[in-house]
Amino acid sequence: MTLLCQITRNGGWPSRTADQIWKSPTGCALLIEDDRKLNRMLCEILEKEGYTVKACTDGEEGAYYLQQNAYDLALVDWMLPGESGPDILRESRRKGIMTPVVMLTALTAVENKVTCLDAGADDYL
C-alpha cells in the first residue's frame, strides 16, 4: 500500500493509505470538481469501482451536499467557484462532518499541502 501523503494533520492523525480511502463498505462518494471534463472522468472511474457518485461543479453546491448527506468519501477540488475546497473543509469540520476527504489540487508546494491537511483533508492528490 502506498501512502498518498506523508504529512500528518494537526491533532496527529496520520494519513490514510490509498486502499483505506478508495475502498469503502457502502460506496457513496461526493465529487466536487468544477472542470466538467475531469468531473465526468472521475465519476466514470468511481462508478466502475462500484461507487454511487454525487457530482457537483461549484463550491457552494458541494458544501451543501457534504453537510447534508452521509458519504464514505469526498473528493474536493481546491480552486472552485463560489467557495474554495479548504473553506468547504474548514466549515464542514467545524460542523462535525467527518467524511474522509481527499483534496484534489494542482498546487504542489508543501505549504499548499499543509493548508489542505490543516483545513481537514485526510489526504491530497
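**Figure 1. E1 and E3, side by side in the sheet.** In this predicted model, strands E1 and E3 pair in the parallel sense, with four bridges between them. One spot to look for is Ala-29, whose bridge partner in E3 is Leu-73. E1 covers residues 28-32, and four of its five residues are buried, so the rest of the structure largely encloses this strand. E3, residues 73-77, is also largely enclosed, because five of its five residues are buried. Leu-73, Leu-75 and Asp-77 point one way from E3, while Ala-74 and Val-76 point the other way.

**Figure 2. The whole sheet, from edge to edge.** Zoom out a little and you get an open sheet of five strands, in the order E2-E1-E3-E4-E5, with parallel pairing. Strand E2 (52-56) and E5 sit at the edges with a single partner strand each, so one side of each has no neighbour in the sheet. E1 and E2 run parallel and are joined by five bridges, and here Ile-32 stands opposite Cys-56 of E2. On the other side of the view, four bridges link E3 to E4, again in parallel. Ala-74 has Val-101 of E4 as its bridge partner. E4 and E5 are paired in the parallel sense over two bridges, and Met-103 has Tyr-124 of E5 as its bridge partner. As for the chain as a whole, there are five helices and five strands, and they follow the pattern α-β-α-β-α-β-α-β-α-β along the sequence.

**Figure 3. Helix H2 lying across the strands.** Helix H2 takes in residues 36-48 and lies across E1, E2, E3 and E4. Compared with E2, this helix runs at about 170°.

**Figure 4. Inside the largest nonpolar core.** This core has 19 residues, and Leu-30, Ile-32, Val-76 and Met-103 are the ones that touch the most other members. Who chips in? E1, helix H3 (59-68), E3, helix H4 (85-94), strand E4 (101-104) and helix H5 (110-119) each supply at least two residues. Apart from this core lies another one, of 11 residues, including Leu-31, Val-53, Val-102 and Leu-104. Ile-32 is a good residue to centre on: leaving out residues up to four places away in sequence, Ile-32 touches Cys-56, Asp-58, Gly-62, Ala-63, Leu-75, Val-76, Asp-77, Leu-80 and Ile-88. That kind of clustering fits a general habit: nonpolar side chains tend to be buried together in soluble globular proteins.

**Figure 5. H3, its cap and its buried face.** Start at the N-terminal end of H3, where Asp-58 acts as the cap, with a side-chain oxygen 3.0 Å from the backbone nitrogen of Glu-60. Further along, Gly-59, Gly-62, Ala-63, Leu-66 and Gln-67 are the buried residues of H3. Looking down the axis of H3, these buried residues fall within an arc of 120°, so they line one face of the helix. What do they pack against? The buried residues of H3 meet E1, E2, E3 and H4.

**Figure 6. H5, one side in and the other side out.** Asn-112, Cys-116, Leu-117 and Ala-119 are buried in H5. They are on the same side of H5 because they cover an arc of only 165° around the axis. Val-110 and Glu-111, on the other side of H5, are exposed. The buried residues of H5 pack against H4, E4 and strand E5 (123-124). Just after H5 comes Gly-120, with a positive phi of about 125°.

**Figure 7. A closer look at Ala-119.** Ala-119 is part of helix H5. Is Ala-119 buried or exposed? With 3% relative accessibility, Ala-119 counts as buried. Setting aside neighbours within four places in sequence, Ala-119 is in contact with Pro-86, Leu-89, Arg-90 and Arg-93. Arg-94 is 25 residues away from Ala-119 along the chain, and the C-alpha atoms of the two are separated by 9.9 Å. For the bigger picture, 61% of the chain's contacts with a separation of 6 or more are between residues 24 or more positions apart. Of the 125 residues in the chain, 45% are buried.

Technical notes:
Residues numbered from 1 in each chain as written. Predicted model: local features only at pLDDT ≥ 70, side-chain atom pairs only at ≥ 80, totals over all residues. Heavy atoms only, no water. Core = buried A, V, L, I, M, F, W, Y, C linked by side-chain atoms within 4.5 Å. Buried < 20%, exposed > 50% of the residue type's maximum accessible area, 1.4 Å probe, protein only. Contact = heavy atoms within 4.5 Å. Arc of directions from axis to C-beta. Pairing = 2+ DSSP bridges. Axes fitted to C-alpha atoms, helices over the stretch in contact; angles between N-to-C directions. Polar contact = N/O pair within 3.5 Å; in protein donor to acceptor, adjacent residues only side chain to side chain.
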